[in-house]
Amino acid sequence: MIASVIVDVPAKQIDRTFDYKVPEALTSVVQRGIRVIVPFGPRKIQGFILSLKEESSVKKLKSIEEVVDIEPVLNEELMSLSEWLTDQTLCYRISALQVMLPAAMKAKYNKFFHLIEEKQHLPSHIKELFEKESPLTWKTADAHHVLKDLQELIRHRKVEMKYVVKQSANVKKARFVELADEKLMNEIPGNAKKQQLVSDHLLKNARKMAVTDLKEATGATSAVIKTMIDKGYLIESFNELYRDPFQERTFEKTEHFKLTDDQKTAIAPILEKVNSYEQQTFLLHGVTGSGKTEIYLQTIDQVLKQKRQAIMLVPEISLTPQMVQRFKGRFGDQVAVMHSGLSVGEKYDEWRKIHRGEVNVVVGARSAIFAPFKKLGVIIIDEEHETSYKQEDSPRYHARDVAIERSNRHGCPVILGSATPSLESFARAKKGNYQLLELEYRMNQQDLPEVKIIDMREELREGNRSMFSRDLLEEIEKRIEKKEQIVLFLNRRGYSSFIMCRDCGTVMQCPHCEVSLTYHRSKESMKCHYCGHEEHVPEKCPECESEHIRYFGTGTQKVEEELFKLMPHVKTIRMDVDTTSKKGSHEKLLSAFDRGEADVLLGTQMIAKGLDFPNITLVGVLSADTMLHLPDFRASEKTFQLLTQVSGRAGRHDKPGEVIIQTYTPEHFSIELAKTQNYEWFYQKEMMMRKTAQYPPFYYISLITLSHENVNKAAGVCNEIADILKSRLSDQSIILGPVASPIARIQDKYRYQCIIKYKHEPELKTLLKKILDQYSDTGKDAVTIHIDVQPYIMM
DNA sequence: AGCACGCCGACT
DNA sequence: GTCGGCGTGCTC
């Protein structure tokens with residue numbers, strides 16, 4: 001028997017199957033979708049079996065070393081989905097397979113040095129190392145700078161190097177005890193108080209318990225438990241333990257809400273498709289507070305009744321405890337949660353629950369779209385316009401596309417939900433590709449908050465140079481008096497704090513990238529967000545040696561400071577990357593705010609969604625237009641979405657809410673229309689702009705990026721590619737470039753790009769594949785090429 | 001991606 | 001005459 005294997009090497013020349021003999025002993029275990037360890041050149045690496053056959057055209061075959069799995073980690077559907085993904089995103093097959101598994105399952109490779117003969121003459125320093133550690137790890141050898149010497153010894157056959165594939169995923173095990181027999185309990189001596197206690201506890205609660213929990217509950221020591229095991233009262237066992245990230249919390253069981261007429265009308269066609277096992281993509285358009293979540297929950301409920309499963313995607317940042325609470329509350333332990341806040345091990349555990357069929361619902365961020373369910377009944381993507389659904393590195397997939405592809409395979413509906421749908425989706429819904437479902441009313445009949453737009457230029461003219469308008473300050477003061485709460489939103493992206501010299505105008509730049517360095521208060525350092533370069537804050541301008549250097553930009557820290565200066569009595573909680581990097585701190589800050597420990601919640605993107613506190617009656621957006629000027633054709637769309645989203649935070653309950661938006665361009669339509677939250681108008685207007693500018697949804701876009709240390713080389717190759725494209729594509733397609741990338745240099749590599757805009761180009765994918773093939777050399781002086789079919793970020 | 005093989009300049 | 005630089009090509 002011969003197995004065709006895709007090995008764990010993401011490189012152009014390796015992106016195909018390699019054949020291996022299957023040893024007799026493994027013939028009954030091997031099958032498509034299991035992972036194996038195979039010899040590859042001088043080393044051993046992991047691979048996926050793609051198919052089995054009897055013959056191979058290759059003469060000298062090596063044998064599979066061992067199997068990693070007993071059962072396929074990827075089922076048939078996911079195996080074939082990986083093929084589709086490879087094809088769609090032009091990635092390596094191994095990357096497509098790998099992305100479907102939790103990070104913990106990715107193989108790690110270790111190198112070890114072994115002594116060939118124990119007693120032999122070795123240089124004394126090497127001998128010492130081997131005496132301490134044998135086999136010697138690569139890491140230790142490297143740390144002691146003896147790799148060179150070892151290389152020499154390998155040549156003389158005194159030492160050999162072995163490769164070991166390490167599976168990082170480890171199952172957490174724990175010691176459990178179980179009551180042997182109830183009758184035996186009477187034999188426990190009357191003076192053995194602790195033993196009595198233990199047996200009582202087990203009888204009353206679960207008969208089987210983890211020893212650690214049991215000890216804590218009863219106060220028994222290990223000695224007590226050991227005696228009981230020895231006497232046969234208890235049976236000891238070692239069981240797998242799931243790391244449950246939510247075990248500390250209890251979830252109150254919640255029931256269905258009664259749907260409003262509006263919701264009933266919307267859910268009916270969805271349930272119809274669920275019941276008939278048919279694919280259909282729905283776009284559920286409803287303003288914040290219109291009750292989309294309840295529709296999701298009731299659809300999932302229906303799916304569960306049919307013994308099928310559901311995937312619910314939410315953007316990373318809105319995967320808040322509140323969100324999880326709603327799902328766990330309704331569906332209890334049938335829910336697995338997958339998001340980046342979990343440790344690698346926790347994610348692995350959640351994945352295994354899905355793989356084993358122990359749960360039927362997964363709530364998670366982008367990658368949860370690959371949850372290994374066997375019978376999907378619905379896929380839901382909440383906040384479908386969110387850009388985080390697009391993965392920015394290979395495989396560059398969009399979760400929405402994967403969702404639709406999977407739903408076709410399973411025969412189930414997809415629900416895309418949003419208050420501000422992406423233009424692409426809304427256009428498709430208008431065309432009838434998706435079915436549009438509208439929720440027009442807020443559930444509690446609450447009016448949308450009143451939105452006031454403040455022209456900051458006017459403030460400046462009136463002599464107010466601070467970042468707070470007089471109106472905003474006044475309103476803040478009012479809320480404080482009424483003991484109500486305030487959210488201040490700062491859009492930091494593209495407007496981060498940088499340092500500029502007031503004398504010569506020099507801005508601190510990253511020495512390796514064409515971006516300015518960001519000032520980090522907490523470490524008093526300057527950091528590059530692209531390559532991680534970090535340096536101390538200079539005391540003098542590096543150019544003119546002037547001491548008049550100044551911090552520019554409006555970081556959250558700076559806002560906090562200024563607010564404190566203006567209103568020292570206001571208590572503020574700041575949420576940004578600095579304050580929420582520790583696990584669980586996000587949650588802590590939010591609950592502190594909920595308890596009323598602060599008046600103002602100040603933050604970036606991450607506070608824009610999902611938080612739902614009854615006492616918030618004022619939302620302030622400090623600078624609405626910071627993202628409007630980014631080199632991105634979606635800038636207006638993103639601004640409108642963000643403002644609408646943020647405004648939705650105010651007055652969700654019985655108290656009326658107010659929103660203040662500060663801007664330097666109040667006349668811009670995406671800011672004007674955010675005032676009335678009129679999506680339809682915004683859509684019309686923006687569609688006109690897109691049509692004139694020839695952007696999606698009127699045109700598709702593909703982006704090719706070339707990078708190289710030498711500017712001319714990068715530009716030259718980009719030019720060559722542009723020429724190929726121009727000669728091979730139809731006249732209706734537009735090729736922009738080559739032009740320098742918006743970020744012209746990253747990690748000392750110059751970047752050039754070429755944008756293809758097209759409406760219908762059936763051969764494009766084949767052509768791009770060819771270009772990728774032709775230009776993805778790995779040689780020393782080779783350019784690096786990236787192709788993103790349907791990019792979200794054009795940089 | 002690794003890694004071995006293999007062909008030309010500065011050393012014993 | 002050898003050691004070692006890193007260009008080239010292979011991995012079932």
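## Two cysteine sites in a predicted single-chain model

Cys531 has a relative accessible area of 25% and is therefore partly exposed. In this classification, buried means under 20% relative accessible area, exposed means over 50%, and partly exposed lies in between, with a 1.4 Å probe and protein chains only. The model is predicted: local features need pLDDT of at least 70, side-chain atom pairs count only at pLDDT 80 or more, and totals for chains, interfaces and linings use all residues. Residues are numbered from 1 along each chain as its sequence is written, chains are lettered from A and ligands numbered from 1 in the order in which they are written, and side-chain values use heavy atoms, with hydrogens and water left out.

**Overall architecture**

Chain A contains 24 helices and 34 strands. These elements are DSSP runs (helices: H or I, at least four residues; strands: E, at least two), numbered from the N terminus. The radius of gyration of chain A is 30 Å, which agrees with the value near 28 Å for a compact globule of 795 residues. That radius is taken over C-alpha atoms, and the globule rule is 2.2 Å times the number of residues to the power 0.38. Along the principal axes, the C-alpha atoms of chain A fill a box of roughly 85 × 80 × 65 Å.

Of the 795 residues in chain A, 52% count as buried. Among contacts (heavy atoms within 4.5 Å) with a separation of 6 or more, 74% join residues that are 24 or more positions apart. The exposed area of chain A is about 38300 Å², and carbon and sulfur atoms supply 49% of it. Accessible areas come from the Shrake-Rupley method with a 1.4 Å probe; for residues, only the protein chains shown count as cover.

Chain A carries 113 positive and 111 negative charges, whose mean positions are 3 Å apart. Lys and Arg count as positive and Asp and Glu as negative, whereas His and the chain ends are not counted. Each charge is placed at NZ of Lys, CZ of Arg, CG of Asp or CD of Glu.

**The site of Cys510, Cys513, Cys528 and Cys531**

An unreviewed UniProt entry places the feature "binding site" at Cys510, Cys513, Cys528 and Cys531. The four span 22 residues in sequence, yet no two of their C-alpha atoms are more than 8.8 Å apart, so they gather at one spot. UniProt positions are given in the numbering used here, feature names are shortened, and annotations may be inferred rather than shown by experiment.

Cys510 belongs to the loop between β22 (498-501) and β23 (518-520). Beyond residues up to four places away in sequence, Cys510 touches Val515, Leu517, Cys528, Cys531, His533 and Arg745. Cys531 is in the loop between β24 (525-527) and β25 (534-536). With neighbours within four places in sequence set aside, the contacts of Cys531 are Cys510, His512, Cys513 and Gln747.

**The site of Cys501, Cys504, Cys541 and Cys544**

The feature "binding site" is also placed by UniProt (unreviewed entry) at Cys501, Cys504, Cys541 and Cys544. These residues are spread over 44 residues of sequence but cluster in space, with a largest C-alpha distance of 8.6 Å.

Cys501 is part of strand β22. Residues up to four places away in sequence not being counted, Cys501 touches Thr506, Cys541, Cys544, Ser546, His548 and Ile549. Cys544 occupies the loop between β25 and β26 (549-552). Apart from its neighbours within four places in sequence, Cys544 contacts Cys501, Asp503 and Cys504.

**Backbone features**

The peptide bond from Ser394 to Pro395 is cis, with omega near -5°, and Pro395 is located in the loop between β17 (376-382) and α13 (399-410). Pro696 and Pro697 are likewise joined by a cis peptide bond, with omega about 5°. Pro697 is located in the loop between α22 (679-693) and β31 (700-708).

Leu90 is not a glycine, but has a positive phi of about 55°; its place is the loop between α1 (76-89) and α2 (93-98). Tyr277, also a residue other than glycine, has a positive phi near 55°. Tyr277 is in the loop between α9 (261-276) and β13 (280-286).

**Accessibility of individual residues**

| Residue | Relative accessibility | Class |
|---|---|---|
| Cys501 | 1% | buried |
| Cys510 | 2% | buried |
| Cys531 | 25% | partly exposed |
| Cys544 | 34% | partly exposed |
| Leu90 | 10% | buried |
| Tyr277 | 44% | partly exposed |
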